[in-house]
Amino acid sequence: MSDDPRRQKSKYTSDRGIPGAFEGETVTRRRFMTGTAHTAGAVATSAFLLPAIGFALGPLFEKEPVAWNDVGSVNDFPDNTYIPRIFTEVPGMGEAGKTTAYIRKHNEALDGPIPKPVQYGQFIAISSRCMHLGCPVRFTSAAQRFICPCHGGVYDILGKRVGGPPVRPLDRFYTRVVNGRVQVGPRYSVNSELKRFSPRLPGEPLDGIGQYLYPSTPTQRKLPPQ
Ligand code: FES
């Protein structure tokens with residue numbers, strides 16, 4: 001670079017010895033072109049970054065009303081076996097938003113006391129989604145077992161895993177009774193002691209360190225008011 005002060009004040013980049021200078025290019029033009037390139041880069045980056053951030057963080061600010069589905073009269077469900085019911089778990093998705101729950105009346109001998117808040121536990125609604133990879137399980141009343149056809153997962157009448165690769169008991173749904181009708185609400189997950197957790201994905205264990213390794217995702221936090 002030249003030590004000549006006149007060359008240092010020149011408006012041409014070549015006089016000032018700026019890297020990449022070419023004949024006739026002024027410092028102002030260099031700054032303008034650099035600024036334009038940075039602005040274009042920022043616009044291009046935000047074009048794909050902002051939607052991605054919005055998509056990821058949007059659910060944090062959503063206040064979805066809790067959806068309750070009518071699945072039948074209180075008299076439709078015995079307390080010693082399950083009745084399957086299909087209902088809409090995710091509204092607005094058509095058939096893809098539907099799921100199946102196996103439902104029965106709470107049975108003190110089988111289930112122990114109703115966990116608090118008791119208004120959500122008078123009926124047991126067990127999800128048909130296997131906790132290995134998500135295949136639909138079926139309840140076999142003769143064997144009193146939920147059986148998964150995909151890889152041989154087996155659960156007892158409470159939905160606790162007794163065989164095969166599933167990592168935790170079957171998910172459950174909150175239930176409530178309104179005017180003699182049973183309604184099924186949000187999904188929740190349970191650990192091997194049937195303690196409630198916010199919903200987790202299949203394959204995510206909830207015992208021990210698992211509950212910390214697999215926190216619930218924002219879209220899955222849909223617990224009713226306690
Ligand atoms: S998906 Fe049920 S055992 Fe694999």
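Buried, in these notes, means under 20% relative accessible area. I start there because Cys148, at 5%, is judged by that cut-off and counts as buried. The model I am reading is predicted.

**Entry: overall**

I looked up the make-up of the fold. I count five helices and 11 strands in the protein. The chain has 226 residues, and 34% of them count as buried. I then turned to contacts between residues at least 6 apart in sequence. Of these, 43% join residues at least 24 apart.

**Entry: cysteines**

How many disulfides does a search of the whole structure find? I get one. Cys135 and Cys150 form it, with their sulfur atoms 1.9 Å apart. That separation passes because the cut-off for a disulfide is 2.5 Å between sulfur atoms. I checked the handedness next. The torsion about the S-S bond of Cys135 and Cys150 is about -90°, so I note the disulfide as left-handed.

Where do Cys135 and Cys150 lie? I place Cys135 in the loop between β4 (123-127) and β5 (138-140). Cys150 sits in the loop between β6 (145-147) and β7 (154-155). The pair therefore ties together parts that are 15 residues apart in sequence.

Is Cys135 buried or exposed? I read a relative accessible area of 18%, so Cys135 is buried. Cys150 comes out at 37%, so I log Cys150 as partly exposed. I also checked Cys130, which is buried at 2%. Cys148, already noted above, is buried at 5%.

**Entry: aromatic rings**

I searched for aromatic pairs and found nine in the structure. I followed up the pair of Trp68 and Tyr120. Their ring centres are 5.7 Å apart and their planes meet at 15°, so I call the pair stacked. The cut-off for stacked is planes under 30 degrees apart.

Trp68 lies in the loop between α3 (27-61) and β1 (69-73). Tyr120 lies in the loop between α4 (108-111) and β4. The pair therefore ties together parts that are 52 residues apart in sequence.

I looked up accessibility for both. Trp68 has 19% and is buried. Tyr120 has 9% and is buried too. Which residues form one aromatic cluster with Trp68 and Tyr120? I find Tyr174 and Tyr188 in it.

**Entry: second largest pocket**

Rolling a probe the size of a water molecule over the atoms shows where empty space is left. I used the result to look at the second largest pocket, which holds about 240 Å³ of space. I list 15 residues in its lining. Nearest its centre lie Pro115, Ile124, Arg172, Tyr188 and Leu194. Tyr188 is a name I had already written down, as part of the aromatic cluster.

Which elements give two or more residues to this lining? I have β4 and β9 (172-178). The most comes from β4, with three residues. I sorted the lining by residue type as well. Nine residues are nonpolar, two are polar and four are charged.

**Entry: Ser10**

I moved to the start of the chain for Ser10. Ser10 is found in the loop between α1 (5-9) and α2 (13-16). Its relative accessible area is 12%, so I mark Ser10 as buried.

What does Ser10 touch, leaving out residues up to four places away in sequence? I find Asp15, Arg16 and Val27. I checked the spacing to Val27 separately. Ser10 and Val27 are 17 residues apart in sequence, and 8.5 Å apart from C-alpha to C-alpha.

**Entry: positive phi**

I looked up two residues other than glycine with a positive phi. Gln144 has phi near 55°. Asn179 also has phi near 55°.

I checked where they sit. Gln144 lies in the loop between β5 and β6. Asn179 is found in the loop between β9 and β10 (181-190).

Are they buried or exposed? Gln144 has 30% relative accessibility, so I enter Gln144 as partly exposed. Asn179 has 75%, so I enter Asn179 as exposed.

Methods
Residues are numbered from 1 along each chain as its sequence is written. This is a predicted model: local features need pLDDT of at least 70, side-chain atom pairs count only at pLDDT 80 or more; totals for chains, interfaces and linings use all residues. Side-chain values use heavy atoms; hydrogens and water are left out. Helices (H or I, at least four residues) and strands (E, at least two) are DSSP runs, numbered from the N terminus. Buried means under 20% relative accessible area, exposed over 50%, partly exposed in between (1.4 Å probe, protein chains only). On a 1 Å grid over the protein atoms alone, a cavity is a set of points where a 1.4 Å probe fits but cannot get out, and a pocket is an open set with protein on both sides within 12 Å along at least five of seven lines; lining residues have an atom within 4 Å of a point. Grid points are joined across faces, edges and corners, and a volume is the space filled by probe spheres set on the points. Ala, Val, Leu, Ile, Met, Phe, Trp, Tyr, Cys and Pro count as nonpolar, Asp, Glu, Lys and Arg as charged, and the others, Gly among them, as polar. Contact means heavy atoms within 4.5 Å. Rings of Phe, Tyr and Trp (its six-membered ring) pair if their centres lie within 6.5 Å; planes under 30 degrees apart count as stacked, over 60 as edge-to-face and the rest as tilted.
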